[in-house]
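Subject: Structure for you to look through

Dear colleague,

I am handing over a structure that I would like you to open and turn around before you read any further. Please keep it on the screen while you go through the notes underneath.

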Amino acid sequence: RVKARLILLDNPRRARECWEQAAQNPDSFEKLAQDFSIDPNSRALGGTIPPIPRYSGNDALETAAFKLKEGEISGLIELQSGRYAILKCEG
């Protein structure tokens, strides 16, 4: 399992802007999640999500999560239905 924070977005332009800010300043990830994420549950928790297990059914998210090292931020992950995710690995 990968412990991570998530920012979920539904607009490619905003997703790119948010990713650029996160890449420049990884410590601001929690605040960016609160400001930009469209997922109300993780947004309130600064992007905190349950650990991502192997074979969870979301291949794109899972593949990206297991490639990250602790403290690293993923690129933009395109999910189905035009949504975009940015992950920050926490262990």
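What follows is a description of what was found, going from the whole chain to its parts.

Please bear in mind from the start that this is a predicted model. The secondary structure of the protein chain consists of four helices and three strands, and if you follow the sequence from its beginning you will meet these elements in the pattern β-α-α-α-α-β-β. The radius of gyration is 12 Å, close to the 12 Å that the globule rule gives for 91 residues, so the chain is as compact as a globular protein of that length. Its C-alpha atoms fill a box of roughly 30 × 30 × 20 Å along the principal axes, and buried residues account for 40% of the 91 residues. When contacts between residues at least 6 apart in sequence are considered, 57% of them join residues that are at least 24 apart.

The strands are a good place to look next. They form an open sheet of three strands in the order β1-β3-β2, and the pairing is antiparallel. The edge strands, each pairing on one side only, are β1 (4-9) and β2 (77-79), and from one strand to the next the twist averages 30°. Six bridges join β1 to β3, and in that pairing leucine 8 stands opposite alanine 85 in β3. On the other side, three bridges join β2 to β3, which spans residues 83-89, and here glutamate 78 stands opposite tyrosine 84.

Strand β1 deserves a slower look, since you may ask how many of its residues are buried. Six of its six residues are buried, and both faces are covered, with Ala4, Leu6 and Leu8 on one side and Arg5, Ile7 and Leu9 on the other.

Two of the helices can then be placed against the sheet. Helix α1 (residues 12-24) packs on the sheet and touches β1 and β3, with a direction that makes about 15° with that of β3. Helix α4 (residues 59-67), for its part, lies across β1, β2 and β3 and runs at about 160° to β2.

Finally, there are the aromatic rings. A search of the whole structure finds zero aromatic pairs, although the ring of phenylalanine 66 does have the charged end of arginine 54 sitting over it, 3.9 Å from the ring's centre.

With best wishes

Technical notes
Residues are numbered from 1 along each chain as its sequence is written. This is a predicted model: local features need pLDDT of at least 70, side-chain atom pairs count only at pLDDT 80 or more; totals for chains, interfaces and linings use all residues. Side-chain values use heavy atoms; hydrogens and water are left out. Two strands pair if DSSP finds at least two bridges between them. Helices (H or I, at least four residues) and strands (E, at least two) are DSSP runs, numbered from the N terminus. Axes are lines fitted to C-alpha atoms, for helices over the stretch in contact, and angles run from 0 to 180 degrees between N-to-C directions. Contact means heavy atoms within 4.5 Å. Rings of Phe, Tyr and Trp (its six-membered ring) pair if their centres lie within 6.5 Å; planes under 30 degrees apart count as stacked, over 60 as edge-to-face and the rest as tilted. A charge sits over a ring if NZ of Lys or CZ of Arg is within 6 Å of the ring centre and within 35 degrees of the ring normal. The radius of gyration is taken over C-alpha atoms; the globule rule is 2.2 Å times the number of residues to the power 0.38. Buried means under 20% relative accessible area, exposed over 50%, partly exposed in between (1.4 Å probe, protein chains only).
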